[in-house]
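Hi,

Here's the structure I said I'd pass on. Have a look at it first, and then read my notes underneath.

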Amino acid sequence: MATSTQRPTSETAARTAPRTARLDALVGEVREVVARGMAPDVTAYLAGEKLAPHLGAVGCTDALLTPEQQEGDPERYRQHLLHAESDGSFSIVALVWLPGQCTSVHDHVSWCVTGVHQGEEHERRYRLLPAEEPGGSARLVATEDVVNPVGAVCGFAPPGDIHKVWNGCREKAISLHIYGADISRLGSSVRRVYELPADR
């Protein structure tokens, strides 16, 4: 998503951090999907199918995330890098949102899957309209507002992936994101931040 408070310094950190057996299982399932070499949108869809059954697992014996991976930041939403594949083909991160925290309007460097693990995630999707006359400015038009509860999964691939995300509820929200890129190297999945006029 957009700029995070903690940018991982190396992929080694993600691979050596403590993680749960359920997260290890998810990594293996996503690895199998990515290895098929399908088109980006198909890969996103199939990775989403693998992510969905793991969302909402918070019990002591079947938790997806460690307590440290669920910690937020009072200043802005926080990114926890959970896994970066050694060949750079995919990464998994947890984003922790305290009430009111949000991203800028942005798009992505690769295909992406998001799933809500805790709380609720609000999303506004946009379409980019070109300038109507020479020398004019392009603008954004909101096409859809979505409220994603626990268990909701969506996948997408550029182009057409411009959106803004925020926590609109009164409790902490956590979402899992799978990207077809090496987030340990890039630090973020954001390709471009949009500061164009928008209708909302």
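Below is what I found, starting with one helix and moving on to the cores. Keep in mind that this is a predicted model.

Let's begin with helix α2, residues 21-35. With 15 residues at 1.5 Å each, α2 should span 21 Å, and its end C-alpha atoms are indeed 21 Å apart, so the two agree. Right after α2 comes G37, with a positive phi near 70°.

Which residues of α2 are buried? They are L23, L26, V27, V30, V33 and V34. These cover an arc of only 125° around the axis, which means they sit on the same side of α2. That fits the general pattern: an α-helix has 3.6 residues a turn, so residues three or four places apart point the same way. On the face turned away from the buried side you'll find the exposed residues A21, E32 and A35.

What covers the buried residues of α2? The cover includes α3 (40-51), β1 (78-84), β2 (91-97) and β9 (173-179).

Now for the cores. The largest nonpolar core has 22 residues, and I92, W111 and L176 touch the most other members. α2, α3, β2 and β9 each supply at least two residues of this core, with α2 giving the most, five residues. Apart from this core lies another one of 12 residues, including L81, W97, F156 and Y179.

I92 is a good residue to click on. Leaving aside neighbours within four places in sequence, I92 is in contact with L26, V27 and V30, among others, and also with H80, L81, L82, H83, L176, H177 and I178.

Cheers

Definitions and conventions
Residues are numbered from 1 along each chain as its sequence is written. This is a predicted model: local features need pLDDT of at least 70, side-chain atom pairs count only at pLDDT 80 or more; totals for chains, interfaces and linings use all residues. Side-chain values use heavy atoms; hydrogens and water are left out. Helices (H or I, at least four residues) and strands (E, at least two) are DSSP runs, numbered from the N terminus. The expected span of a helix is 1.5 Å times one less than its number of residues. Buried means under 20% relative accessible area, exposed over 50%, partly exposed in between (1.4 Å probe, protein chains only). The arc is that of the directions from the helix axis to the C-beta atoms. Contact means heavy atoms within 4.5 Å. A nonpolar core is a set of buried Ala, Val, Leu, Ile, Met, Phe, Trp, Tyr and Cys residues joined through side-chain atoms within 4.5 Å.
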